[in-house]
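Here's a quick walk through a model, with an eye on its charged pairs and how its helices are set. Have the structure open as you read.

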Amino acid sequence: MKKTILAIATIVTLTIGNSFAQRYRHEVPAVNNSRGDNALEEYQINKLDQIVKLTRKQENKIKKIENHYDELMSTRRYSSFQNAKRLEKAKQKDILEVLTPVQRQRLFAYQNNYNNGRYNRRG
């Protein structure tokens, strides 16, 4: 009899805990993996720096742009796929505005050269 009561009490305790855990809704932080996200952004900015030779001021502006759009993407309002694509285009436009015309030309030349490189060959 004691074993039956103990088994029922255990099942009830585990079931109640599980049901409360499923109902609990926690707020999503601004970035789920901020350390990894920042590392990726640093890598992308360094790669852009290698291509177009950014100044320190330009690097800081690009970091601010990245952080601003990360905050926008974390809100529920912009979480849909269409809004995410629109935000990504706006972010790219803002980053291109930071670059000088010569730097933009270098970047576009690099992108065209990369796209026409080994990845598009047949054979």
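## A glutamate to start with

Does Glu 88 count as buried, exposed or partly exposed? Glu 88 counts as partly exposed, because its relative accessibility is 37%, which sits between the 20% and 50% cut-offs. Keep in mind that this is a predicted model.

Glu 88 has a salt-bridge partner in Lys 91, with the closest N and O atoms 3.8 Å apart. Both residues belong to helix H4, 3 residues apart, or about one turn of the helix. Lys 91, though, is buried: its relative accessible area is 10%, and anything under 20% gets that label. Glu 66 comes into the picture too, linked with Glu 88 and Lys 91 in a network of salt bridges.

## The other charged pairs

The salt-bridge count comes to 5. Among them is another pair in helix H4: the side chains of Lys 93 and Glu 97 meet at 3.4 Å, N to O. Lys 93 and Glu 97 are 4 residues apart, again about one turn of the helix.

Lys 63 and Glu 42 make a salt bridge as well, with their closest N and O atoms 3.3 Å apart. Lys 63 is in helix H3 and Glu 42 is in helix H2, so this pair ties together parts that are 21 residues apart in sequence. Lys 63 is partly exposed, with a relative accessible area of 28%, and Glu 42 is partly exposed too, at 33%.

## How H3 and H4 pass each other

Now for the helices themselves. The axes of H3 and H4 (residues 81-98) come within 10 Å and cross at roughly 165°. That makes H3 roughly antiparallel to H4, because angles over 145 degrees get that name. The crossing of H3 past H4 is right-handed.

## A loop residue

Thr 55 sits in the loop between helix H2 (34-52) and helix H3 (56-74). With a relative accessibility of 42%, Thr 55 counts as partly exposed. Along the chain Thr 55 and Leu 99 are 44 residues apart, yet their C-alpha atoms are separated by 9.6 Å.

## A greasy spot on the surface

Which residues make the nonpolar surface patch of about 260 Å²? Ile 8, Val 12 and Ile 16 do. Ile 8 is in helix H1 (residues 2-23). Ile 8 counts as exposed because its relative accessibility is 51%, and the cut-off for that label is over 50%.

Definitions and conventions:
Residues are numbered from 1 along each chain as its sequence is written. This is a predicted model: local features need pLDDT of at least 70, side-chain atom pairs count only at pLDDT 80 or more; totals for chains, interfaces and linings use all residues. Side-chain values use heavy atoms; hydrogens and water are left out. Helices (H or I, at least four residues) and strands (E, at least two) are DSSP runs, numbered from the N terminus. Buried means under 20% relative accessible area, exposed over 50%, partly exposed in between (1.4 Å probe, protein chains only). Patches are made of residues with over 30% relative accessible area and no salt bridge: like charges are joined within 9 Å, nonpolar side chains (Val, Leu, Ile, Met, Phe, Trp, Tyr) within 5 Å. Accessible areas come from the Shrake-Rupley method with a 1.4 Å probe; for residues, only the protein chains shown count as cover. A salt bridge is a side-chain nitrogen of Lys or Arg within 4 Å of a carboxyl oxygen of Asp or Glu. Axes are lines fitted to C-alpha atoms, for helices over the stretch in contact, and angles run from 0 to 180 degrees between N-to-C directions. Angles under 35 degrees count as roughly parallel, over 145 as roughly antiparallel, 65 to 115 as roughly perpendicular and the rest as oblique. A crossing is left-handed if the near helix is turned anticlockwise from the far one by less than a right angle, and right-handed if clockwise.
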